[in-house]
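Biologist: I am new to this structure, and I would like to go through its salt bridges slowly, with the reasoning behind each label.

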Amino acid sequence: MTALFTLLPEAVGTIDADSKATILDQLAQRFAGVYGLDPVLVLERLEEREKLGSTGFGRGVAIPHARIPDLGRPVATFLRLSTPVAFDAADGMPVDLVFGLLSPEAAGAAHLHALAAISRMMRDEQMHTALGEAIDAEALYALLANSIDRDAA
């Protein structure tokens, strides 16, 4: 989908969650189902990263990310929550938009560039609003794909 990371349509959706732990678990399950990864390993790596500090980005957005062995290139998922959930974000606000990123262990700068691109997209006020108002997963994916393609051009 982009030079920085892969985001497949089936990696995007809306979920119900009642805790940060549930969000991370559903994120791991989505990564596993869409990209053929081990859900236990993905969850372990996401939880390890969260122990270093919350990936709650602020303004209702979280960007959980980790590095995974034997991954060919960075992959992403996007989950909109049906109701906001506390995520220990820097601004104290609950999150309702979760953009997950997994990168190869040796990705180095590629991981940081992908995180920066996601961060820029999530800081955009119009994008933030549009993602909150999108009617379904197909509309969410279209918004994300269009934004990523536009930024890559």
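Modeller: Arg-59 forms a salt bridge with Glu-125, their closest N and O atoms lying 2.8 Å apart. This is a predicted model, in which local features need pLDDT of at least 70 and side-chain atom pairs count only at pLDDT 80 or more, whereas totals for chains, interfaces and linings use all residues. Residues are numbered from 1 along each chain as its sequence is written, and side-chain values use heavy atoms, with hydrogens and water left out.

Biologist: Why is the contact of Arg-59 with Glu-125 called a salt bridge?

Modeller: The term asks for a side-chain nitrogen of Lys or Arg within 4 Å of a carboxyl oxygen of Asp or Glu, and the 2.8 Å between Arg-59 and Glu-125 meets that limit, so the name applies.

Biologist: What makes Arg-59 and Glu-125 a link between separate parts of the chain?

Modeller: Arg-59 lies in the loop between strand E2 (56-58) and strand E3 (61-62), while Glu-125 belongs to helix H4 (residues 125-133), so the pair ties together parts that are 66 residues apart in sequence. Helices (H or I, at least four residues) and strands (E, at least two) are DSSP runs, numbered from the N terminus.

Biologist: Why is Arg-59 called partly exposed?

Modeller: Buried means under 20% relative accessible area, exposed over 50%, and partly exposed in between (1.4 Å probe, protein chains only); Arg-59 has 34% and therefore counts as partly exposed.

Biologist: Lys-20 and Glu-50 also meet in a salt bridge; how do you know that Lys-20 is buried?

Modeller: Lys-20 has 16% relative accessibility, so the label is buried.
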